Amino acid sequence: MTNSTNYSDRESLELLLKETEQEPTKKSGLFLRLNRIWQHLVESLILGQELKIWQSTDRFENTHWYAYDPVTNSSVTRDSEAEMRVWVEQRYYQ
């Protein structure tokens with residue numbers, strides 16, 4: 001009977017340990033989600049004012065470069081990376 005009591009006690013302790021281990025996971029999961037939301041908010045506020053540049057290829061395999069400046073609400077399209085670099089340098093580095 002002692003063995004069955006010890007086994008039962010052990011099961012109870014293991015169950016308690018599992019429950020205790022799961023609680024911080026739930027809390028840390030919530031913390032991680034809130035932290036990600038906060039980081040996204042900060043990034044969008046800070047990075048939301050930066051010049052955005054990207055390229056796209058049309059169906060004829062021609063590459064076009066696009067830029068959008070959220071501060072001035074203006075955009076531009078160029079046919080090459082070199083032309084886009086010239087535009088950026090003239091606009092922001094003079």
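These are my notebook entries on a predicted model of one protein.

**Entry 1. Overall layout**

I started with the secondary structure. The protein has two helices and three strands. Along the sequence I read the pattern α-β-β-β-α.

Next I looked up burial for the whole protein. Of its 94 residues, 11% count as buried. The exposed surface comes to about 8400 Å². Carbon and sulfur atoms supply 55% of that surface.

I also checked how far contacts reach along the chain. I took contacts between residues at least 6 apart in sequence, and 8% of these join residues at least 24 apart.

**Entry 2. The sheet**

In what order do the three strands stand in the sheet? I read E1-E2-E3, in an open sheet with antiparallel pairing. E1 and strand E3 (74-78) stand at the edges. Each has a single partner strand, so one side of each is left without a neighbour in the sheet. From one strand to the next, the twist averages 20 degrees.

I then went through the pairings. Strand E1 covers residues 52-57 and strand E2 covers residues 63-69. Six bridges hold this antiparallel pair. I looked up Lys52, and its bridge partner in E2 is Tyr68.

E2 and E3 are joined by five bridges and also run antiparallel. Here I looked up Ala67, whose bridge partner in E3 is Val76.

I looked for what lies against the sheet. H2 packs on it and touches E1, E2 and E3. The direction of H2 makes about 20 degrees with that of E2.

**Entry 3. The core**

Which residues make up the largest nonpolar core? I listed six: Trp65, Ala67, Val76, Met84, Trp87 and Val88. Two elements give two or more residues to this core, E2 and helix H2 (81-92). H2 gives the most, with three residues.

Ala67 and Val76 turn up twice in my notes. They are bridge partners across E2 and E3, and both belong to the core.

I followed Met84 in detail. Met84 lies in helix H2. Is Met84 buried or exposed? Its relative accessible area is 3%. The cut-off for buried is under 20%, so Met84 counts as buried.

I listed the contacts of Met84, leaving out residues up to four places away in sequence. Met84 touches Ile53, Trp65, Tyr66, Ala67, Val76 and Arg78. Among these, Trp65, Ala67 and Val76 are also core members. I checked one distance too. The C-alpha atoms of Met84 and Tyr66 are separated by 7.9 Å, with their positions 18 residues apart along the chain.

Val88 was next. With the same sequence neighbours left out, Val88 touches Leu51, Ile53 and Tyr93. Ile53 is thus on my contact list for Val88 and on the one for Met84.

**Entry 4. The aromatic pair**

How many aromatic pairs does the whole structure hold? The search finds one. Trp54 and Tyr66 form it, and the pair is stacked. I read 5.8 Å centre to centre and 20 degrees between the planes. Trp54 is in strand E1 and Tyr66 is in strand E2, 12 residues apart, and the pair links distant parts of the chain.

I checked whether these two rings belong to buried residues. Trp54 has a relative accessible area of 43% and is partly exposed. Tyr66 has 25% and is partly exposed too. A core member must be buried, under 20%, so neither value qualifies.

**Entry 5. Two positive phi values**

I searched the loops for unusual backbone angles. Most residues other than glycine have a negative phi.

Glu61 lies in the loop between E1 and E2. This hairpin has five residues between the strands. Phi of Glu61 is positive, near 70 degrees, in a residue other than glycine. At 62% relative accessibility, Glu61 counts as exposed.

Where does Asn73 lie? I found it in the loop between E2 and E3. Asn73 has a positive phi of about 55 degrees although it is not a glycine. Its relative accessibility is 58%, so Asn73 counts as exposed.

Terms used
Residues are numbered from 1 along each chain as its sequence is written. This is a predicted model: local features need pLDDT of at least 70, side-chain atom pairs count only at pLDDT 80 or more; totals for chains, interfaces and linings use all residues. Side-chain values use heavy atoms; hydrogens and water are left out. Two strands pair if DSSP finds at least two bridges between them. Helices (H or I, at least four residues) and strands (E, at least two) are DSSP runs, numbered from the N terminus. Rings of Phe, Tyr and Trp (its six-membered ring) pair if their centres lie within 6.5 Å; planes under 30 degrees apart count as stacked, over 60 as edge-to-face and the rest as tilted. Buried means under 20% relative accessible area, exposed over 50%, partly exposed in between (1.4 Å probe, protein chains only). A nonpolar core is a set of buried Ala, Val, Leu, Ile, Met, Phe, Trp, Tyr and Cys residues joined through side-chain atoms within 4.5 Å. Contact means heavy atoms within 4.5 Å. Axes are lines fitted to C-alpha atoms, for helices over the stretch in contact, and angles run from 0 to 180 degrees between N-to-C directions. Accessible areas come from the Shrake-Rupley method with a 1.4 Å probe; for residues, only the protein chains shown count as cover.
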